[in-house]
Amino acid sequence: MLVAAPDIADQIAPDKAPGIGADHVSVAQYRIADEPYYLPVRDEIAQFQAAYAARLPLMLKGPTGCGKTRFVEHMAWRLGRPLVTVSCNEDTTASDLIGRFLIDARGTYWQDGPLTLAARAGAICYLDEVVEARQDTVVAIHPLTDARRSLSLDRKNELVQAHPDFQLVISYNPGYQRMLKDLKQSTKQRFVAIDFHYPAPDVEIDIVMHEGGVARDIATHLVGIAGKMRNLKGHGLDEGASTRLLVYAATLIAKGIAPIAACSMALVQPISDDPDMLEALNSVVTSFFG
């Protein structure tokens, strides 16, 4: 059983936290009160628990919409840790993660970034699609991924030693990113990794039923459509229909949209703009719902 160390940011008033600006927000707001719905695909829960017990940085690899973010939310709830999530993009800088000096009517003050906030308070920090961030931004996380477990705030001349309960988790889609950009080996080899795929059909059907609010026969058709579409990856499609999109389609159907129209909105139009491919995808849909 894991025993959590006291949560500094949960106990100190925001304007009294050492080294943090007056506008600092406690990580208490990042605690997940209700269990996020998640169905295990393999033994990923035990693997995450082992990585967290050893405080090893963790990398989740898998296609878009396969459940990586929901899995992290579920594990944060299961472990009783706050979860600070950052959706990385090409404009994400090191300052966005670490923090910066700001100016207001009171003068100049330091504002911790989400990574620094999580490191101070013992939260799980989840950097989603980290490969989208600039390379100099990714390098900034390196000291938190080895035995140092520290973060240097150069502008403050401060070295933040990570709380004993802090863990860094990153995710990315290697299949898509390989065509554009990838993580450097110097970054990859700082993490242990869990490989994610779309769930097996029976599991995915249960997910779509629960999350989308539809009957089993509808969910079964949607998962069947996704299977056909995923077979087209590399043959005109960069990605097939994700579990997330299946839930969107199911939700539309549950709200009264006709199945073929819902599938067009959620499964066909979002994944291709090519007229021939759109026609082929619509044919797949009508073969199940026609």
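The axis of a helix is a line fitted to its C-alpha atoms, taken over the stretch in contact, and the angle between two axes runs from 0 to 180 degrees between their N-to-C directions. In this predicted model, that description applies first to helix α2 (residues 44-53) and α3, whose axes come within 11 Å and cross at roughly 60°. Angles of 65 to 115 degrees count as roughly perpendicular and those under 35 degrees as roughly parallel, so α2 is oblique to α3. The crossing of these two helices, α2 and α3, is right-handed. On the α2 side, the contact is made by E44, I45, F48, Q49 and Y52, and on the α3 side by F71, H74, M75, R78 and L79. Sorted by class, the contact of α2 with α3 has six nonpolar, two polar and two charged residues.

Further along the chain, α9 and α11 pack with their axes 8 Å apart, at an angle of about 45°. That angle makes α9 oblique to α11. The crossing of α9 and α11 is right-handed. From α9, the residues E204, I207, V208, E211 and G212 meet T243, L246, V247, A250, T251 and A254 of α11. This contact of α9 with α11 brings together six nonpolar, three polar and two charged residues.

The helix α11 also packs with helix α12 (residues 259-268), at an angle of about 145° and with the axes 8 Å apart. Here α11 passes α12 in a right-handed crossing. The residues that α11 gives to the contact are L245, L246, Y248, A249, L252 and I253, while α12 gives P259, A262, M265, A266 and L267. In this contact of α11 with α12 there are 11 nonpolar residues, with no polar and no charged ones. L246 of α11 is worth finding in the structure: this residue takes part in the contact with α9 and in the contact with α12.

Attention can now turn from helix packing to the pockets. The largest pocket holds about 490 Å³ of space. Its lining is made up of 23 residues, and those nearest the centre of the pocket are G65, C66, G67, R70 and R244. Elements that give two or more residues to this lining are α3 (68-79), β5 (124-128), α9 (201-212) and α11 (243-254). Readers will recognise α3 from its contact with α2, and α9 and α11 from their contact with each other. The lining of the largest pocket divides into 11 nonpolar, five polar and seven charged residues.

The second largest pocket has about 300 Å³ of space. It is lined by 17 residues, with D238, E239, G240, P270 and I271 lying nearest its centre. By class, the lining of the second largest pocket has six nonpolar, seven polar and four charged residues.

Definitions and conventions:
Residues are numbered from 1 along each chain as its sequence is written. This is a predicted model: local features need pLDDT of at least 70, side-chain atom pairs count only at pLDDT 80 or more; totals for chains, interfaces and linings use all residues. Side-chain values use heavy atoms; hydrogens and water are left out. On a 1 Å grid over the protein atoms alone, a cavity is a set of points where a 1.4 Å probe fits but cannot get out, and a pocket is an open set with protein on both sides within 12 Å along at least five of seven lines; lining residues have an atom within 4 Å of a point. Grid points are joined across faces, edges and corners, and a volume is the space filled by probe spheres set on the points. Helices (H or I, at least four residues) and strands (E, at least two) are DSSP runs, numbered from the N terminus. Ala, Val, Leu, Ile, Met, Phe, Trp, Tyr, Cys and Pro count as nonpolar, Asp, Glu, Lys and Arg as charged, and the others, Gly among them, as polar. Angles under 35 degrees count as roughly parallel, over 145 as roughly antiparallel, 65 to 115 as roughly perpendicular and the rest as oblique. A crossing is left-handed if the near helix is turned anticlockwise from the far one by less than a right angle, and right-handed if clockwise. Contact means heavy atoms within 4.5 Å.
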